[in-house]
Amino acid sequence: MRPEPRGSVTQTVSEKLNILLTTPPPHPLDQLSVDEINRTRDAILRAHPSSSIVFRTITLEEPAKVLLLPFLQAEHKREVTGRPRRPPRLARVLFDAIGEDRSLELCDSVVDVTLGEEVSFDLIEKKYHSPLNADEIANFPEVAMASPLFKEALAELNLPANVFIVIDPWMYGGWENPKETSPRYMQGLVYARDPKTNNPDSNHYAFPIPLIPVMDICKKEIVRVDKLATGGRDDGLKYGTGPKNALDHCRAVEYIPELVEGGLRQDVRPLNVIQPYGPSFTATGSLVEWQKWRFRIGFNSREGATIHDVWYDNRSVFYRMSFSEMSVPYGDPRAPFHRKQAFDFGDGGAGRAANNLELGCDCLGLIKYFDGFMNDTSGKGIVSKNVVCMHEVDDGILWKHTNYRTNRAVVTRNRKLIVQFIITLANYEYIFAYHFDQAGGITIETRATGVVSTVPIDPGTTSPWGNVVSPGALAQNHQHIFCVRIDPAIEGPKNTIIQEESHPIPFTPELNPWGNAYEVRQTIFKRTCWADAAPHNARLFKIVNQNVRNPISGRPVGYKLVPSPSQLTLAHPDSIMAKRMAYASHHLWVTRHRDGEFWAAGRFTNQSSVESGGVKDMIERNENIENEDFVIWHSFGLTHNPRVEDFPVMPIETHQIHLKPADFFTKNPAIDVPSTKNQSSILYKVGGLVSGFVAEVPKNSKENERTRPAKLVTVDDNSTEQLAQGIKSCCI
């Protein structure tokens, strides 16, 4: 992985000046372009001529808030002209510097992209490991299949002669001794294709093999092969209980359409989303404007899609929102499963794993896509197409009231704008989305799907550590614990957070003679701290600006967050798993804002022994957060004890976090949403449709029905015009 020849990286002062004067300036929050990534790469190569460089990440170094806020304020006032007001354009680079003696140093640099110069440089401590990259993941199966150790272990399992081995490379997990400098390792979960079909798309998770090879990444060598316990409930932690023929009791369970047992259902007709006059949003570069919302979309290799500078009706609401971390710890105590814990953002990167979304599949309707700009290991800029999709959806009723005296009803539909990205991490898929609604609310959503991670289990047995989802395949109990980072800016950066609860008042003649009263208790958080959900007290958290009062209520303007009361980490506090994800021990963390602090579990999670630089360390600074610039971190999760119905692919599990205005407005902000009757809606009657459009479904084959869109056939002459207009009032 040596860099290419460097004859083209010399840059004169005049060339730098020409770039500065002729290149249109990007917005400070725009992703680095391919050209900017390449210029950053060249700057690093010039600064380190005696080393071979392997690039990990080249990402935008977001401007310090003290520099960016004045620019954003000027932008909202339409006062941005020329370059002088712009913060410097910086890139942060994580790379390996390999010396002539093959020594390796993990390095962290900041490059001034405009000038093409490295402006800061640090060596990372040896105890930290950088995220895995695509080359390492691709190399693992090749190294394993060539390894004599692994071949010998496979030979002992009496596998079918035509078996095709499939390996899921996995992060190694936590390092047992925090005082040691750990070598850079990777492990792999091993499976086989269905020996009967050998189809490359067959569900190999139905054929798990009881081996985990461990690779020294630097040496590109399998250093050992861990053999797995496969016993059932009565076997405890015993090893060596499995059958001689390791796969004979497994059977195929498929999800790809052509292999689904029994075929596909035939009674599904097309359901189309039609927007004949186009969308209600506009997108100009990274800037999105929709209804009264205005914000920017960012993207990076670790967090995926990020949301910036969020305003509603020309009022500041949030500075930045992102998904910060996700840890997936498994609950099987049999070694080596105590290492089976992924940090999918810190160990690999959500942006790196983002899907290239396809029109008509992942998002329906009129779609706007955004590309991602990242780098390969040589430092070259690469474009990942369509990694973020944006579209509008109908989400039922927004508000409704009927005057029963006059029988006049007014009803409005709840239209949402959704910004979404999807990642694939070996077996699992995760869907992350930001929902913006017409009443000033934001919903942050996660959905989990994909294939549960399976390990072998002996025939005819069950296990306390998971559920048998297919013969020979045990899906282990595990958790998915997320953390979202919310940087508020309610009418400006100086905010306060208030914990609010509802409690019964004692049944006394003086205060509560009839026993029906309750009181609302509020507690202002003054120093950095953590808090937990308490649904029995209706606990919520208000982010307010004490300097701006609502003229109706007299209370400070704000937004409320109702924390998800989901179960948090089940690992013992003294375990390596729990220590690595301290963020998962509480629902809410409130820290003072510091530039560059984006990671709930710390910057480096790969093979960590303890969370370093994460939210636990941040709150221990005991800083003032009242009427200050602070950040909220909300941890929530899914305890996943698998069902048979989760196999071969699990239906989605959805989790939502809601941010809603609380005394921010003087009335319902959605009261002005038009109340319109949708003219494309039609009556159903037995035997056909009354009027409107009829879907003409191809009659010949289920393949045509699944892959070709139905034709729309006009039933009457006026239906097309009615569909396009859709403006008849619902409140006549």
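Which residues of H2 are buried? In this predicted model, the buried residues of H2 turn out to be Glu36, Ile37, Arg39, Thr40, Arg41, Asp42, Ala43, Ile44 and Leu45, where buried means under 20% relative accessible area, exposed over 50% and partly exposed in between, with a 1.4 Å probe and protein chains only. Local features need pLDDT of at least 70 and side-chain atom pairs count only at pLDDT 80 or more, while totals for chains, interfaces and linings use all residues. Residues are numbered from 1 along each chain as its sequence is written, and side-chain values use heavy atoms, with hydrogens and water left out.

Now the whole protein. Its secondary structure adds up to 10 helices and 37 strands, taken as DSSP runs numbered from the N terminus (helices are H or I, at least four residues; strands are E, at least two). The radius of gyration is 28 Å, close to the 27 Å from the globule rule for 732 residues, so the protein is as compact as a globular protein of that length; the radius is taken over C-alpha atoms, and the rule is 2.2 Å times the number of residues to the power 0.38. The C-alpha trace spans about 85 × 75 × 70 Å along its principal axes. Buried residues make up 51% of the 732. Of the contacts with a separation of 6 or more, 68% link residues 24 or more positions apart, a contact being heavy atoms within 4.5 Å.

Back to the helices. The 14 residues of H2 (residues 34-47) should span 20 Å at 1.5 Å a residue, and the end C-alpha atoms are indeed 20 Å apart; the expected span is 1.5 Å times one less than the number of residues. H3 (residues 65-76) behaves likewise, with 12 residues that should span 16 Å and end C-alpha atoms 16 Å apart. In H3, Lys65, Leu68, Phe71, Leu72, Ala74 and Glu75 are buried, and their cover includes strands E11 (293-300), E12 (304-312), E13 (315-329) and E23 (478-488). Just after H3, Arg78 takes a positive phi of about 60°.

Next come the cores, each a set of buried Ala, Val, Leu, Ile, Met, Phe, Trp, Tyr and Cys residues joined through side-chain atoms within 4.5 Å. The largest has 109 residues, and those with the most contacts inside it are Ile209, Phe295, Phe318, Ile423, Tyr430, Phe436 and Ile444. Strand E13 supplies the largest share of this core, six residues. Apart from it lies another core, of 16 residues, among them Leu45, Phe55, Phe95 and Val111.

An unreviewed UniProt entry lists residues 271-671 as "domain: Copper amine oxidase catalytic"; such annotations may be inferred rather than shown by experiment, with feature names shortened and positions given in the numbering used here. This span is 4% helix and 49% strand. The "active site" annotation in the unreviewed entry covers Asp344 and Tyr428. Although spread over 85 residues of sequence, they cluster in space, with a largest C-alpha distance of 10.6 Å. Asp344 sits in helix H6 (residues 344-348) and is buried, with a relative accessible area of 6%. Leaving out residues up to four places away in sequence, Asp344 touches Met171, Glu325, Met326, Val328, Gly349, Ala350, Leu425 and Tyr430. Tyr428, in strand E18 (residues 428-437), counts as buried at 3% relative accessibility. With the sequence neighbours up to four places away left out, the residues that Tyr428 touches include His478, His480 and His640.
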